[in-house]
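Me: I would like to go through this model step by step. Keep the answers short, and end each one on what I asked for.

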Amino acid sequence: MAHIHIPKPWGTPEREVTPEAIFLNRRRALKGLIGAGLSIACPSIVGCLSRSDSKSASAAGADLMKFESLQRNRAFAKVDRPITDEALAAKYNNFYEFGGSKSISEKAQALPTENWKVEVTGLVRNPRTYDLDDIRKKFPLEERVYRFRCVEAWAMVVPWTGFPMNLLIKEVKPLSEAKFVRFASYYNPKITKGPGFSLSRLPWPYTESLRIEEMANELAFFAVGIYGHELPKQHGAPIREVIPWKYGFKGAKSIVKIEFLNHQPATFWNTLQPNEYGFEANVNPNKPHPRWSQATERMIGPGPAFSWKRRPTLPYNGYAEYVAELYG
Ligand code: MTE
């Protein structure tokens, strides 16, 4: 498996802006290859959220429930660049279960999100299975504006709605043997048909993992919404991970299972190409991907056209003050 070059969403670095038609042609060619601390300081955030009963047509193109009276966490409210245009973010996705291009937003609408359950299991004192109502009631939701950096060297700024992962840790109480956590995405080959040409060769379901200390960091976040409304399916509805100091592939979408383990588990991209997609995957301008530099990044938008301007990549994606100590 290690010697087979399996096309990936970031298989070709987009050093420059790539018009969609050229990008899609390239994928066809690739096919041949394989055969201030509000969260911390504001207990009143509990209950300061109510959910609108009205549906709103979002820029993501679907009817999505809006979160009302949403509190933006002031500690994570501003970054040094504008928030990415919502319509652009909603049409430029990586969700390999629904295809290998960025244009999977329509196909992803097949994801069945009704009666969603998330099982939390493994080395914990309180194993639980949550439905979405449990999650919304149990964990006070807040909004955070995070930088988002894909390993392909494009970047966005996204307002997520959700809750910090450390609240789940407090609920389920991992045992002292638990050293890692694994997140598994929804998988049903009849629905998540994959990129088509390589379905059986890929190590489904999509899984990702963190060390427990990383999961406990205040930045590690479960998102149930984006741009003030529930997650559209292409962004990983109804619940996904957001780990802003790591490359985007560390953030599994559409999570159905969270398992606490005493060993480092195999994960999706790391299993396929460990030399290209390391387990740690912290954003690092000084550590090039084997096939492209990570020194700069390309912001998506704003506006209908992709921006050509590149910016320097920030160590830990700009979050060094929160996480550098985790890495000695
Ligand atoms: N999660 C699943 N289940 N499947 C995927 O293909 N792609 C990852 C990550 N999570 C992926 C996934 C990658 S490579 C990126 S960059 C982000 O999702 C993209 O998130 P977005 O489409 O919401 O911007």
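Reply: One definition before we start: two strands pair if DSSP finds at least two bridges between them. Note also that this is a predicted model.

Me: In what order do the five strands of the open sheet run?
Reply: The sheet is open, and its pairing is mixed. Neighbouring strands are turned by 15° against each other on average, direction ignored. The order is β4-β3-β12-β7-β8.

Me: Which strands stand at the edges of that sheet?
Reply: An edge strand here has a single partner strand, so one side of it is left without a neighbour in the sheet. That applies to residues 128-131 and to residues 207-211. The edge strands are β4 and β8.

Me: In which sense do β7 and β12 pair, parallel or antiparallel?
Reply: Strand β12 covers residues 255-261, and six bridges link β12 to β7. One residue pair shows the register: A184 has K257 of β12 as its bridge partner. The sense of the β7 and β12 pairing is antiparallel.

Me: And in which sense do β3 and β12 pair, parallel or antiparallel?
Reply: Four bridges join β3 and β12. T121 stands opposite E259 in β12. The sense of the β3 and β12 pairing is parallel.

Me: How many of the seven residues of β12 are buried?
Reply: Buried means under 20% relative accessible area. By that cut-off, β12 is mostly covered. The buried count in β12 is five of seven.

Me: Which helix packs on the sheet?
Reply: The helix spans residues 165-172 and touches β3, β4, β7, β8 and β12. Its direction makes about 135° with that of β4. The helix is α5.

Me: Is N166 buried or exposed?
Reply: N166 lies in helix α5. Beyond residues up to four places away in sequence, N166 touches M215, A216, N217 and E218. Its relative accessibility is 18%, and the limit for burial is under 20%. N166 therefore counts as buried.

Me: What separates the C-alpha atoms of N166 and M215?
Reply: The two residues are 49 residues apart along the chain. They are also in contact, since N166 is listed among the partners of M215, along with M165, L168, I169, V181, F183, L210, A220, F222 and F260. The C-alpha separation of N166 and M215 is 6.7 Å.

Me: Which strand gives the largest share of the largest nonpolar core?
Reply: This core holds 82 residues. W160, F183, M215, F222, W245, I258 and F260 touch the most other members. The largest share is seven residues, from residues 154-164. That strand is β6.

Me: Which residue's backbone oxygen lies 2.7 Å from a polar atom of the R144 side chain?
Reply: R144 is found in strand β5, residues 142-149. R144 is buried, with a relative accessible area of 0%. The backbone oxygen at 2.7 Å belongs to E218.

Me: What is omega for the peptide bond that joins W204 and P205?
Reply: P205 is placed in the loop between β7 and β8. The bond from W204 is cis. Omega is about -5°.

Me: Where does P238 lie?
Reply: The peptide bond from A237 to P238 is cis, with omega near -5°. P238 lies in the loop between β10 and β11.

Me: What is the phi of Y227?
Reply: Y227 lies in the loop between β9 and β10. At 17% relative accessibility, Y227 counts as buried. Y227 is not a glycine, yet its phi is positive, at about 50°.

Me: What is the relative accessibility of N317?
Reply: N317 sits in the loop between β14 and α8. N317 is not a glycine, but has a positive phi of about 55°. N317 counts as buried, with a relative accessibility of 1%.

Me: Where in the protein is confidence lowest?
Reply: The protein averages a pLDDT of 83, and 78% of the residues score at least 70. Over residues 1-56 the pLDDT is below 50. Confidence is highest in strand β7, at 99. With a mean of 27, confidence is lowest in helix α2.

Terms used:
Residues numbered from 1 in each chain as written. Predicted model: local features only at pLDDT ≥ 70, side-chain atom pairs only at ≥ 80, totals over all residues. Heavy atoms only, no water. pLDDT = per-residue confidence, 0-100. Helix = DSSP H or I, 4+ residues; strand = E, 2+ residues; numbered from the N terminus. Contact = heavy atoms within 4.5 Å. Axes fitted to C-alpha atoms, helices over the stretch in contact; angles between N-to-C directions. Buried < 20%, exposed > 50% of the residue type's maximum accessible area, 1.4 Å probe, protein only. Polar contact = N/O pair within 3.5 Å; in protein donor to acceptor, adjacent residues only side chain to side chain. Core = buried A, V, L, I, M, F, W, Y, C linked by side-chain atoms within 4.5 Å.
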